[in-house]
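Hi,

Here is the structure I promised to pass on. Have a look at it first, and then read my notes underneath.

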Amino acid sequence: MHGYSYKNRASVSTSPRIYAVTGVHNQSTANVPSGYLGALARLYRNQTLCTQTGYVYNTGSANGMDVVTTGSSCGSGAYYSYGVSKAYNGNGYNAYFTYESPHLSATQAAVGPKEFQSAAASHRPPSKPAWPTNGKGETYGSGMDATSLQNEPDLIEAYATNGKVGYVKRVDLESEPTPRSPREALHVQERLAGQIRSVPVYGADGNTKVGWFAASHTSNAAAREFH
């Protein structure tokens, strides 16, 4: 991609809280210029989106970067990380899903690593699923079953901040501006840093509002760059 080859990965951690990590790295040991790397982290509980970040880009020359979700968990269950990385292509960015991380099982009262255990190996969904549709013709389902941003369902299953399970519209969830250059990417990141974007959560009909989903736009300070 524009003279570089990249690799990405997803991981989920348990201490001192439950959080997902999306990492993107140059495959060689060389650094890439600022703004060439981008990543978005998503934390899932039992196939349902729990929380996610906005896109974060490397602010300086770096070999790689990890982006971490913020906020609290969504109760007991199996937690996964399944994120998105971006790479500058010379005229914008190409986005790629990571593999799904292994899952970690957590009890309701879990606050540390003793309450968790590692389970199944990571994998990527084998093919685009046949999504069910509602009366409006919108597809709906778990974002973990998608194989790319292009074949996600119209309504993505997610937890509202009130604990209810519903669906966020993909166009709402992914309404962040799409930069065309590293300079523009860093400008967007700086402008959105610290904002929490509230996205409506609906029933499967796409009409009945059941709550709000919070997408946190963290600054680059919330990411870890590797040099």
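Below is what I found in it, starting with the overall picture and then going place by place.

First, a word on trust: this is a predicted model. The mean pLDDT of the protein chain is 87, and 89% of its residues reach 70 or more. The stretch to be wary of is residues 108-121, where pLDDT stays under 50. The model still gives that stretch 28 contacts beyond four places in sequence, but I'd leave them out of any story for now.

On to the general layout. The protein chain has two helices and 18 strands. It counts 227 residues, and 52% of them are buried. If you take contacts between residues at least 6 apart in sequence, 60% of these join residues at least 24 apart. As for the outside, the chain exposes about 10,100 Å², with carbon and sulfur atoms supplying 50% of that area.

Now the inside. The largest nonpolar core has 39 residues, and Met65, Val67, Val168 and Phe213 are the ones with the most contacts inside it. What does Val67 touch, once you set aside residues up to four places away in sequence? The list is Ala20, Val21, Thr22, Ala39, Ala41, Thr53, Val56 and Ala223. There is also a second, separate core of eight residues, and Val12, Ile18, Cys50 and Tyr79 are among them.

Cys50 turns up again in the disulfide. A search of the whole structure finds one, and it joins Cys50 to Cys74 with an S to S distance of 2.1 Å. The two cysteines are 24 residues apart and link distant parts of the chain: Cys50 sits in strand S5 (residues 48-53), while Cys74 is in the loop between strand S7 (64-68) and strand S8 (77-81). Which hand does the disulfide have? The torsion about the S-S bond is about 95°, so it is right-handed. Cys50 has a relative accessible area of 8%, so it counts as buried.

Right beside it in the sequence is Leu49, also in strand S5. Is Leu49 buried or exposed? Its relative accessibility is 0%, so it counts as buried. Leaving out residues up to four places away in sequence, Leu49 touches Arg42, Leu43, Tyr44, Glu157, Ala158, Tyr159, Leu173 and Phe213. Take Glu157 from that list: Leu49 and Glu157 are 108 residues apart in sequence, yet 6.2 Å apart in space, C-alpha to C-alpha.

His25 is another one to click on. It lies in strand S2 (residues 19-26) and, at 12% relative accessibility, counts as buried. Neighbours within four places aside, His25 is in contact with Ser5, Tyr6, Lys7, Arg9, Asn63, Gly64, Met65, Asp66 and Phe226. Met65 is a name you have met already, in the largest nonpolar core.

Next, helix H2 (residues 182-192), which has two sides to look at. Pro182, Ala185, Leu186, Val188, Gln189 and Leu192 are buried there. Seen down the axis of H2, these buried residues fall within an arc of 160°, so they line one face of the helix. As a general point, an α-helix has 3.6 residues a turn, so residues three or four places apart point the same way. The face of H2 turned away from the buried side carries Arg183 and Glu190, which are exposed. What covers the buried residues of H2? The cover includes strand S6 (56-57), strand S9 (84-88) and strand S10 (93-97). Just after H2, Gly194 takes a positive phi of about 85°.

Finally, two loop residues. Ser181 is in the loop between helix H1 (170-173) and H2, and is partly exposed with a relative accessible area of 23%. Not counting residues up to four places away in sequence, Ser181 touches Tyr88 and Tyr93. Ser181 and Asn91 are 90 residues apart in sequence and 6.5 Å apart in space, C-alpha to C-alpha. Gly90 is in the loop between S9 and S10 and, at 31% relative accessibility, counts as partly exposed. Gly90 and Tyr36 are 54 residues apart in sequence and 9.3 Å apart in space, again C-alpha to C-alpha.

That's the tour. Happy browsing!

How values were computed: Residues are numbered from 1 along each chain as its sequence is written. This is a predicted model: local features need pLDDT of at least 70, side-chain atom pairs count only at pLDDT 80 or more; totals for chains, interfaces and linings use all residues. Side-chain values use heavy atoms; hydrogens and water are left out. A disulfide is a pair of cysteine sulfur atoms within 2.5 Å. Helices (H or I, at least four residues) and strands (E, at least two) are DSSP runs, numbered from the N terminus. Buried means under 20% relative accessible area, exposed over 50%, partly exposed in between (1.4 Å probe, protein chains only). Contact means heavy atoms within 4.5 Å. Accessible areas come from the Shrake-Rupley method with a 1.4 Å probe; for residues, only the protein chains shown count as cover. The arc is that of the directions from the helix axis to the C-beta atoms. pLDDT is the predictor's confidence in each residue, from 0 to 100. A nonpolar core is a set of buried Ala, Val, Leu, Ile, Met, Phe, Trp, Tyr and Cys residues joined through side-chain atoms within 4.5 Å.
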